[in-house]
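Please open the structure in the viewer and keep a residue selection tool at hand. The tour proceeds by selections, each followed by what is to be found there.

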Amino acid sequence: MKTFLQLIKDIVSYNCDVMRIPVPSIRLAAPSKFVKPTIKSAVSSDGKELLINRTFAENKADIPFVWLAISHECRHIWQLLKTDILVNYQTSAEITLLVYNSQPAEVDAWAWACNIVAQKFGIRPTLEKNFGADLWAQIEKRAYDIAENHIY
């Protein structure tokens with residue numbers, strides 16, 4: 001059975017290969033290193049490092065959720081390297097969770113991650129439970145755009 005860290009490495013490698021971006025270094029970090037201690041993972045501002053919240057690694061989340069969370073972060077690396085979508089980006093410490101996830105960069109990252117989970121597991125994450133129907137509609141539209149146009 002794979003360790004959690006090996007699973008993370010495999011997910012990162014897969015995403016980076018598909019998006020044709022460099023693989024970041026991966027580091028486990030204490031919850032205090034994140035904007036909010038409940039954040040599962042984050043990317044450094046230069047896209048060269050992926051931080052994994054140590055409690056995420058210890059709590060053994062289900063595999064599709066791990067793919068969702070890590071694929072989302074990998075998309076942020078792609079955004080940093082290939083787009084200007086992160087201009088005027090605000091952290092979750094600055095705004096409400098709904099406004100934070102409504103930002104174009106977050107919509108794109110969730111859409112990418114939903115596509116990956118659909119490809120790998122044949123399921124659709126139920127993000128509307130967390131974000132509401134309006135935000136889910138934006139994510140779903142972006143997911144179709146990415147899938148149809150192979151935006152990576």
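Does Arg20 count as buried or exposed? The coordinates to be inspected belong to a predicted model. Select Arg20, in the loop between α1 and β1. At 60% relative accessibility, Arg20 counts as exposed, because the cut-off for that class is over 50%. Display its backbone as well: the phi of Arg20 is near 60 degrees, a positive value in a residue other than glycine. Most residues other than glycine have a negative phi.

**The first helix**

Next, select residues 4-19, which form helix α1. Leu5 is found in this helix and is partly exposed, with a relative accessible area of 31%. A distance label from the C-alpha atom of Leu5 to that of Arg27 should read 9.1 Å, for a pair 22 residues apart along the chain. Val18 also has its place in helix α1; it is partly exposed, at a relative accessible area of 21%. From the C-alpha atom of Val18 to that of Ala57 the separation is 24 Å, with their positions 39 residues apart in sequence.

**Where two helices meet**

Keep α1 visible and add residues 104-121, helix α5. At what angle do α1 and α5 pack? The angle is about 110 degrees, and the axes lie 13 Å apart. The range from 65 to 115 degrees counts as roughly perpendicular, so α1 is assigned that orientation relative to α5. Show the side chains at the contact: α1 contributes Tyr14, Asn15, Val18 and Met19, while α5 contributes Trp112, Ile116, Gln119 and Lys120. Sorted by class, this contact comprises five nonpolar, two polar and one charged residues.

Now isolate α5. Its 18 residues should span 26 Å at 1.5 Å a residue, and the C-alpha atoms at its ends are 25 Å apart, which agrees. Colouring by accessibility shows a mostly covered helix, with 13 of the 18 residues buried. Move one step beyond the helix to Gly122, which follows α5 and has a positive phi, near 70 degrees.

**The sheet**

Hide the helices and turn to the strands. In what order do the three strands of the open sheet lie? The order is β1-β3-β2, and the pairing is mixed. β1 and β2 stand at the edges with a single partner strand each, so one side of each has no neighbour in the sheet. From one strand to the next, the twist averages 20 degrees.

Select β3, residues 49-53. Four of its five residues are buried, so this strand is largely enclosed by the rest of the structure. Then add β1, residues 25-29. β1 and β3 run parallel and are joined by five bridges. Two pairs to label are Ile26 with its bridge partner Leu50 in β3, and Ala29 with Asn53, which stands opposite in β3.

On the other side of β3, add β2, residues 41-43. Here the strands run antiparallel, with three bridges between them; Ala42 has Leu51 as its bridge partner in β3. β2 and β3 form a hairpin with five residues between them. In that turn, select Gly47, whose phi is positive at about 75 degrees. With the sheet still displayed, note that side chains in a regular strand alternate between the two faces of a sheet.

**A helix across the sheet, and a loop**

Restore helix α3, residues 63-82. Which strands does α3 lie across? The helix crosses β2 and β3, running at about 10 degrees to β2.

The last selection is Asn88, in the loop between α3 and α4, the latter being residues 97-102. With a relative accessible area of 70%, Asn88 is exposed. The phi of Asn88 is near 65 degrees, again a positive value in a residue other than glycine. To relate this loop to the sheet, label the distance from Asn88 to Ser41: the two are 21 Å apart, C-alpha to C-alpha, and 47 residues apart in sequence.

Terms used: Residues are numbered from 1 along each chain as its sequence is written. This is a predicted model: local features need pLDDT of at least 70, side-chain atom pairs count only at pLDDT 80 or more; totals for chains, interfaces and linings use all residues. Side-chain values use heavy atoms; hydrogens and water are left out. Axes are lines fitted to C-alpha atoms, for helices over the stretch in contact, and angles run from 0 to 180 degrees between N-to-C directions. Angles under 35 degrees count as roughly parallel, over 145 as roughly antiparallel, 65 to 115 as roughly perpendicular and the rest as oblique. Contact means heavy atoms within 4.5 Å. Ala, Val, Leu, Ile, Met, Phe, Trp, Tyr, Cys and Pro count as nonpolar, Asp, Glu, Lys and Arg as charged, and the others, Gly among them, as polar. Buried means under 20% relative accessible area, exposed over 50%, partly exposed in between (1.4 Å probe, protein chains only). Two strands pair if DSSP finds at least two bridges between them. The expected span of a helix is 1.5 Å times one less than its number of residues.
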